[in-house]
Amino acid sequence: MHSEQPTPGRPTIATIDLEALAENFLSVKRFVGSDVKYMAVVKANAYGHGAVECSKRLEAEGVDWFAVALIEEAVGLRNAGISKPILCLGGIWPGQEASLFTHSITPVIFRLGQVQELDRAAAAAKKLDVHLKIDTGMGRVGLRPDELDAVIEELTNCKNIRLNGVMTHFAVADDLEQSAFTNNQIDSLNIAVGRLRKAGFSPEHIDMANSPGAIAFPRSKGTMVRLGGVLYGLGGDVLPRSIEKPELTPVMSLRTRIAQIKTVPAGETLGYGRTFITARESRIAVIPIGYNDGYRRALSNAAKAIVGGKFVDVVGRVSMDWTLIDVTEVSEAAVGDEVVMIGSDGENAILAEDLARICSTISYEITCGITSRVRRIYSQRI
Ligand SMILES: *Cc1c(COP(=O)(O)O)cnc(C)c1O
């Protein structure tokens, strides 16, 4: 595999495997089918993986649409040369309307009044495609079904706005025990689409499914699926456990190198708060990663790392810039050796899901949380 060579600097690096990203997309596409369009959700810097690089590769692999949370994220993709349609899931804040036209961004309409606001901006520019978000049970942004007549009226009155898509978002598609709730959400969206069609609209895109929806609820496919997590190989904690799924490979790995090794006698305490006491004479390695890199403090005395192919314990408190690991069992470990925090080495692997479990969160929050201080290196063969 070809990897960019890192420039000199701290060796705490997230490697983004663009081959795995492409394979995950193609694997999900084989599983879900070629009869729908694919929207890649690349908000939050592609869940920490690097939105520009991931989007370029996904565009080359045939993704139909991109979704971001912010106008700024969409503008970033356009400036990097992304040409496929981009849906902005989040709000357009006052003063940002012009970007929709100059950068060809499709906004989501989620509350009454937004159609008129955008119609005024469109009057001065050109017709604007929008996607309508219906809140069928998530309780977050979106028009409630009882607001549909009012939004139909707005759309009818605003001649510069064209309804291009209708969408909803699932609250519990990852939990099959609550599949009745998800099925209700699907039914509500289909009813809303029926009402819009009856009112004379013909939206091209009907989309509901996030990653768990696309994998576990085939009837939620609509005309397009919106995929985030599965593209990045983060299936483990957001897909229902007991179902058949496509093969997925983690895209991000996180590695650093040993900065110092010291031999510490039994009975000494290590780190802030003195939370770890050596039970034996120990070889302790200091590694340049900490919670300001997104290696969370909750991992203190709980996570493992991999050195020389062997699991080792994180000992003491994770601090802002430094973490300690116990390499007593890895006799060959030396300053400069690689330490895997997320990723695999030989037989052993640490998943973002494993760190998430320790932090009582999901893998998305772990990869999103790897901060910009951590250099990203993109590896690919093409
Ligand atoms: C983030 C998001 C998605 C993607 O969800 P995944 O579980 O990562 O596939 C899809 N739709 C909307 C509206 C989202 O906000």
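**Strand β14 and two pockets**

Let's start with one pair of residues: Gln260 sits opposite Val286 in β14. This is a predicted model, and the tour below goes from strand β14 and its neighbours to the two largest pockets, the bigger of which has a volume of about 600 Å³.

**Strand β14 and its partners**
- Strand β14 covers residues 282-287, and 5 of its 6 residues are buried, so the rest of the structure largely encloses it.
- Strand β11 (residues 260-264) runs antiparallel to β14, with 5 bridges joining the two.
- Strand β17 (residues 323-326) is also antiparallel to β14, joined to it by 4 bridges.
- On that β17 pairing, Ile284 stands opposite Asp326.

**The largest pocket**
- At about 600 Å³, this pocket is lined by 29 residues, and Lys43, Arg140, His169, Asn210 and Tyr364 are the closest to its centre.
- Four elements each give two or more residues to the lining: α2 (43-47), α9 (211-216), β9 (224-227) and α11 (363-368).
- The largest share, 3 residues, comes from α2.
- Sorted by class, the lining has 18 nonpolar, 5 polar and 6 charged residues.

**The second largest pocket**
- Here you'll find about 230 Å³ of space.
- Its lining has 15 residues, with Ser104, Ile105, Thr106, Leu128 and Asp129 the closest to the centre.
- The elements giving two or more residues are α5 (97-102), β5 (105-109), β6 (128-133) and β7 (161-167).
- The class tally for this lining is 7 nonpolar, 3 polar and 5 charged residues.

Definitions and conventions. Residues are numbered from 1 along each chain as its sequence is written. This is a predicted model: local features need pLDDT of at least 70, side-chain atom pairs count only at pLDDT 80 or more; totals for chains, interfaces and linings use all residues. Side-chain values use heavy atoms; hydrogens and water are left out. Buried means under 20% relative accessible area, exposed over 50%, partly exposed in between (1.4 Å probe, protein chains only). Two strands pair if DSSP finds at least two bridges between them. On a 1 Å grid over the protein atoms alone, a cavity is a set of points where a 1.4 Å probe fits but cannot get out, and a pocket is an open set with protein on both sides within 12 Å along at least five of seven lines; lining residues have an atom within 4 Å of a point. Grid points are joined across faces, edges and corners, and a volume is the space filled by probe spheres set on the points. Ala, Val, Leu, Ile, Met, Phe, Trp, Tyr, Cys and Pro count as nonpolar, Asp, Glu, Lys and Arg as charged, and the others, Gly among them, as polar.
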